[in-house]
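Thank you for making the time this morning. I would like to walk you through one structure slowly, beginning with a term we will need and then going from the single chains to the places where they meet.

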Amino acid sequence: MRKPKMFSEFFKNNGLLMGGILMFLVSFWIIVLILLPQLSMLDFSFRYNLPPALQGTEADSYTLDNYRYLVFGPEGASDAFNKVDLMVFVRTILAAMAVTVLNLILCYPLAYFLGQSKGGGFIRLLVIMLVIPYWINEILRAFALRIIFGDGGVLNGVMMSLGLIDQPYDFINADIALYAGLGYAYILLMLFPMYNVIESLDRNQIEAARDMGASWVRIHRRIVIPHAKPGIASGMTMVFMLSAGALAAPQVLGGTSSLWFTQLVYQWFNDTLNWQQGAAYAIVLLVASIAIVLGFMKIFKVNMGDIGK
Amino acid sequence: MRSNILFGRVALAVYLVIFFGYLLGPLLVMGLTAFNSAPFPSITPWQCYTYEWFGALFQDERILNGIKHSFIVGIGTVILSVSIGLAASLVLTQVWPRWRSTYYTIIIAPILIPGVVLGISTLVFWRRVSEVFGENAAFLNNGLFLTIIGQSTFIASYCMLVFVARLQRFDTGLTEAALDLGATHTQAFRKIMLPFMRPAIASAAVLAFLASFENYNTTTFTFGAYPTLTIELSQMVRYGINPSISALAVIIVALTVFAALAAEVYRRRSKIKSGDIKPGKGLPAWMFGNVATILLVALSFVVIAMVYSAQAYSPAQCKIDYKAERQIENQTRIEALQKARREARQNAAPLESITSEPPSQGAGAFGSVFAPTNLEDAAGTGSEESGTPEAPASPFGSVFAPNNLEDAVGAGKN
């Protein structure tokens with residue numbers, strides 16, 4: 001009963017033409033761009049990889065095979081579980097978490113400094129300098145780190161000429177380059193949400209706490225961090241989701257022996273041409289990372305509405 | 001107390017240097033590699049200062065095509081995602097309160113969905129749609145169409161956030177007044193809402209274009225026969241490259257810095273006009289003592305100077321010199337190896353007859369050249385180890401300088 005009333009009110013407020021355009025654009029976005037493709041991918045992940053001739057015939061039925069493959073591996077394999085892929089999955093999730101926490105630690109002081117400073121030319125300059133790397137292509141950013149971390153790279157060159165090491169150290173295969181690259185790629189998505197919230201914190205609160213003898217640690221724990229919680233949650237969510245779903249950095253900076261989960265998805269699609277299997281892997285990644293984010297949001301009592309502020 | 005403050009300041013300065021070093025250092029290094037004539041992007045063996053990679057960049061057919069596709073996709077994405085984002089933000093202000101958080105969750109979700117997943121779902125969905133429509137809807141499988149659709153899915157969310165921030169300051173009384181005075185809804189939108197939203201539309205458009213231009217994760221599944229610049233770059237990075245990619249990065253960074261400084265100058269200027277700050281004294285009026293303006297002018301001078309010098313400057317002589325130097329270096333190295341081999345032979349002579357010397361003996365001779373002491377000398381520890389029994393090895397130490405090792409590595413890469 002209420003629904004029609006809401007719609008009629010909407011059209012009354014916006015007029016028939018404008019209301020119609022708004023409705024059309026929003027429903028096009030939500031239904032055609034967001035919901036249907038996801039559902040279509042979900043449906044796809046439950047199907048067999050069939051040649052075109054067999055599609056739509058009886059063989060084209062639903063199956064759990066694609067998911068079974070991720071957990072147990074191909075039929076008749078020697079291992080009980082698909083150890084390789086599962087390890088890649090676990091490693092991706094854990095490493096993405098580690099990158100998120102490291103970014104938080106690295107960004108918090110700067111966000112506090114920028115947020116509580118009184119503005120001025122120096123701060124503007126710092127903000128401009130922050131934005132510049134973000135406008136550079138993700139591939140190029142990863143590539144810049146490859147120049148630094150590669151075998152014949154700058155870091156090895158400097159360390160060898162200083163006599164710290166006598167053989168080039170393989171940063172790429174040790175995954176140091178990958179973690180540095182992932183942290184580098186999304187660091188600003190951690191910084192800016194925190195900066196925005198801390199900026200809105202009344203400076204008098206900190207002064208008052210300090211006057212009353214609160215220690216530096218206590219001020220942050222009791223005043224700044226509770227106030228910045230939405231920003232911290234927003235930043236951590238974005239960094240975690242983006243690092244877990246990153247493809248460019250692992251492709252450019254990843255070692256030869258270690259893969260990122262998205263690279264497996266990529267291989268199923270572009271090398272093996274088994275789209276159904278790839279879709280199943282993508283669904284697993286999506287569901288797992290959303291579940292982790294929602295779980296942490298529940299633990300730290302953050303609302304979805306805080307994200308993206 | 002005072003020393004405490006001082007310590008805090010020093011710690012802050014160190015931290016800022018580390019943070020910005022991490023952020024800008026890699027870009028700086030990459031920028032330098034664009035001017036080194038070494039065929040693989042690197043700065044340590046520095047060979048010759050050169051502009052050749054910029055030339056190579058503008059002759060690379062694939063990069064130019066990629067830029068073209070990127071622009072087409074970017075413009076399409078800007079149009080689609082800005083209009084969707086604007087509509088979504090307007091609906092958000094009016095949606096029934098109880099639905100509000102659900103609605104917000106749905107429209108914010110594309111930011112959080114991994115780009116890979118968006119690309120795959122777009123590809124799978126539109127292939128099915130085109131199967132339903134058959135031949136006469138071939139554009140549904142077109143790479144440009146798919147890329148625009150796939151990117152807009154999440155870029156619209158970014159735009160929506162920009163608009164929501166602006167709409168919070170909108171006075172709905174204005175629209176109501178216009179409607180009361182007899183304007184139609186369309187007129188009210190065009191005359192009141194659009195002018196109010198114009199700055200937000202501009203920044204959303206810039207944001208959308210940049211996000212589209214640099215997107216990789218989604219595009220890599222949807223591009224089809226139209227690789228964008230990012231796709232071309234990723235393929236170059238993965239399958240062998242020369243520094244022309246760094247040259248491209250230099251151009252992008254320069255454009256970015258220009259745009260950022262120009263925006264800053266513009267902001268400053270409008271503030272002066274509105275009387276918020278007073279122009280400085282002692283400088284020409286157009287500079288009004290603004291750091292950003294001075295930097296902008298300085299940067300323009302540097303660029304102009306570089307373009308001019310690029311026409312006159314030729315690294316050919318330097319390259320010849322470098323080649324000759326390398327030849328001499330190689331010559332000494334070969335001589336050193338031969339000498340070492342002779343010595344090894346002389347040592348081995350009492351044990352075996354020289355004529356029937358097996359090849360493995362030769363390898364052994366090499367082994368002594370690559371003895372640990374050589375490497376230590378090369379690393380420049382400065383320790384006086386020439387007193388060891390392998391005294392003849394120390395002269396080779398300078399031959400096996402760090403550069404040589406890197407050259408070997410670089411050669412291995414090529």
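Before anything else, a word on burial: a residue is called buried if 20 or more other C-beta atoms lie within 10 Å of its own, exposed if 12 or fewer, and partly exposed in between. With that in hand, we can say that 33% of the 414 residues in chain B are buried, while in chain A, with its 309 residues, buried residues make up 40%. Please keep in mind throughout that what you are looking at is a predicted model.

Let me stay with chain A for a moment. Its secondary structure comes to 13 helices and zero strands, so to speak a pattern of α after α when it is read along the sequence. The C-alpha trace of chain A spans about 75 × 75 × 35 Å along its principal axes, and its radius of gyration is 25 Å, where a compact globule of 309 residues would have one near 19 Å. If we take the contacts in chain A with a separation of 6 or more, 69% of them are between residues 24 or more positions apart.

Chain B also has no strands to show us, since its secondary structure comes to 17 helices and zero strands. For chain B the corresponding share of contacts between residues 24 or more positions apart, again among those with a separation of 6 or more, is 70%. The domain assignment divides chain B into domain 1 (2-51), domain 2 (53-309) and domain 3 (316-413). The centres of domain 1 of chain B and domain 2 of chain B, taken over C-alpha atoms, are separated by 29 Å, and the contact between them takes nine residues from domain 1 and 11 residues from domain 2. On the domain 1 side of that contact, the residues divide into six nonpolar, three polar and no charged.

Now to the meeting of the two chains. How many residues does each chain give to the contact? Chain A gives 76 residues and chain B gives 84 residues. On the side of chain A that touches chain B, the largest share, 15 residues, comes from helix α2 (residues 16-45) of chain A, and by class that side has 53 nonpolar, 19 polar and four charged residues. One residue that lets us see this contact in detail is T186(B), which is placed in helix α8 (residues 185-214) of chain B. Leaving aside neighbours within four places in sequence, T186(B) is in contact with G15(A), L17(A) and M18(A), and it counts as partly exposed because it has 14 C-beta neighbours inside 10 Å.

From the contact we can move to the largest nonpolar core, which has 150 residues, and in which F143(A), L191(A), M194(A), V265(A), A282(A) and I120(B) touch the most other members. Helix α8 (residues 176-199) of chain A supplies the largest share of this core, 17 residues, and the core also draws at least three residues from each of domain 1 and domain 2 of chain B. If we pick out L191(A) and leave aside residues up to four places away in sequence, it touches C107(A), L110(A), A111(A) and L130(A).

Two residues make a useful contrast with that core. Is L273(A), in the loop between α12 (261-270) and α13 (275-299) of chain A, buried or exposed? L273(A) counts as exposed, because it has 11 C-beta neighbours inside 10 Å. Its phi is near 60°, a positive value in a residue other than glycine, and most residues other than glycine have a negative phi. The second residue is A305(B), in helix α12 (residues 291-312) of chain B, which is exposed because 10 other C-beta atoms lie within 10 Å.

Let me finish with confidence. The predictor gives the complex an ipTM of 0.83 and a pTM of 0.76. For chain B the mean pLDDT is 75, with 76% of its residues reaching 70 or more; confidence there is highest in helix α3 (residues 61-94), at 91, and lowest in helix α16 (residues 393-399), at a mean of 42. Over residues 353-414 of chain B the pLDDT is below 50, and beyond near neighbours in sequence this stretch has 68 contacts in the model.

Note on methods
Residues numbered from 1 in each chain as written. Chains lettered and ligands numbered in written order. Predicted model: local features only at pLDDT ≥ 70, side-chain atom pairs only at ≥ 80, totals over all residues. Core = buried A, V, L, I, M, F, W, Y, C linked by C-beta atoms within 7 Å. Helix = DSSP H or I, 4+ residues; strand = E, 2+ residues; numbered from the N terminus. Domains from an automatic or database assignment. Contact = placed C-beta atoms within 7 Å. Nonpolar A, V, L, I, M, F, W, Y, C, P; charged D, E, K, R; others polar. Rg over C-alpha atoms; globule rule 2.2 N^0.38 Å. pLDDT = per-residue confidence, 0-100.
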